[in-house]
Structure formats: structure tokens, C-alpha cells
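Me: I should like a close look at the sheet in this model and at the helices packed around it. Please treat the surroundings as one connected account.

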Amino acid sequence: VTFGYGLNDHEAMPYIVQKGVNNKYKIYDFAFEGYGTHQMLSAIEHHLVDSIVKFEPKLFIYSIIPNHINRLLNLKRWGSHDPKYILDPKTNDPLFVGNFDDQKKEIFEIKIKKSEIVKLFSKKRANLADVKLFTAMVLKSKKILLKKYPHSEFQVIVWNVPDELTKEIIKQLRSNNLKIHLIGDMIPDYFKNVTKYVIRYPNEMHPNYVCTKKVADYILNHIIQMPMANLN
């Protein structure tokens, strides 16, 4: 979505935002095809952001699609070497425990019927309980960034498809005082007229240029310009 899958470079949302701010701000795009919450937190914890960003950041935006929960649990095997996080049983903080393909060796060392790994692999989709891990990872990302860059902001965009999992995501994020922008508010007719905003319905549901332009315009008008005016 943020990466701009299926679009030309100049049609991707970060490019449009950069063009809109001209030289007032420098936009860094950390999105990549198939990435999710786990890559975001891992990149922050392993200092990838620090090594690339050359200016004092003012604003971080995380664009959430509900499928990010499935990805951080590796339920659909999107990336076999993706970073794996669990909730620390003592602190309930997300804890980096290696990569998902590390488990291949473990499977042969434990009883299959009692294996938590096999239970995880047998899941087809995330459930409401998994939102707790997801929320903790988003909050930890924010905490690390704002501790290092105390004059910055952390906000999220949620592609709020109308299902119970997404409602729970929004509920938990809001209960933790995260600033949220819903795609349904940004593009009021998005769900009613979704064919206008995707590349090729129903086979390719990634956002088209019409959609990314509207999202970029919203970011420019409601996220960057207004908050930044208060910081300068």
C-alpha cells in the first residue's frame, strides 16, 4: 500500500507527499512489498532508521492494513526469515526472539502434538487476542522513536475495513492515545465505491493513483501542515 505496488514511482503516496512539501521537508519511505509491523519495529530496534535518516525527524507515519497482524504472526508464510516477536510474559512488552525460519530446527526437537509452533502454524488467521501483540509492537515503535527524537510525532493511518479484527485494532490503538486517521474518513466513499480506488477490482486490490493521491493530499493538508505549523 505505502510501497506503491503496481504503480509508477511518481504515483506512489510518499513521492506525492514529497512533491507537495517541496523542499520544506525530506520524506523517507521505509515501506517495502510485504512488510508489516514486525519489520517496522525490527528496523527501529536495529538502528536502520538512525543509519539512514540524515535530519532531525518531525513526524513518523505508520500506515496499517489489518493483514499486518497475519504477517507478524507469519500465518501465511509471507517471509520465512521475517523477524519474530512475542509478548514477554513478565512485562507484556514485545520481545524480539529471532526469525521465523529458526523454528525449523525446533520442530524436530519437541513433541508435535504439544508444539506451540505447530499450533501457530495451524492458524489460518489472526484473532482478537493477537491484537494485543500488534498494539504492543506499535506502541514500542512509538516509544523508541519519541525517546530518541522527543520533538517528533508518531501517527497512524488505518485502512479500516469493516470487520471485528480491525475494530479491535482501532479500539486498542485509541485506548493508548495514538493519533489515528481512518481511510474511511480520508476518502468517505472508499468502501462504497471501492472500484474507483483500486488497480483492478476484484483481482488487484492495491490502491491506484486516484487513491494514493487522495491519501497524500490528506497527509499534506491534515497531518503535515497543521501539526508542523505548531512545531515551527
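Across which strands does helix α7 lie, and at about what angle does it run to one of them?

Reply: Helix α7 (residues 131–148) lies across β1 and β4, and runs at about 150° to β4. Contact here means heavy atoms within 4.5 Å, and angles run from 0 to 180 degrees between N-to-C directions of axes fitted to C-alpha atoms, for helices over the stretch in contact. Helices (H or I, at least four residues) and strands (E, at least two) are DSSP runs, numbered from the N terminus.

The model is predicted, so local features require pLDDT of at least 70 and side-chain atom pairs pLDDT 80 or more, while totals for chains, interfaces and linings use all residues. Residues are numbered from 1 along each chain as its sequence is written, and side-chain values use heavy atoms, with hydrogens and water left out.

The sheet beneath α7 is open, with 3 strands in the order β1-β4-β5 and parallel pairing; two strands pair if DSSP finds at least two bridges between them. Its edge strands, each pairing on one side only, are β1 (59–64) and β5 (179–182). On average, neighbouring strands of this sheet are turned by 25° against each other, direction ignored. Strand β4 (residues 153–158) runs parallel to β1, and 6 bridges join the two. Within this pairing, Ile64 stands opposite Val158 in β4.

A further helix, α8 (residues 164–175), lies across β1, β4 and β5. Its axis runs at about 150° to β5. Strands β1 and β4 are thus crossed by α7 and also by α8.

Both α7 and β1 also belong to the surroundings of another helix, α2. The elements that cover the buried residues of α2 include α3, β1, α4, β2 (83–87), β3 (94–99) and α7. Buried means under 20% relative accessible area, exposed over 50%, and partly exposed in between (1.4 Å probe, protein chains only). Because 8 of the 9 residues of α2 are buried, this helix is largely enclosed by the rest of the structure. The buried residues are Thr37, His38, Gln39 and Met40, together with Leu41, Ser42, Ala43 and Ile44. Just after α2, His47 takes a positive phi of about 65°.
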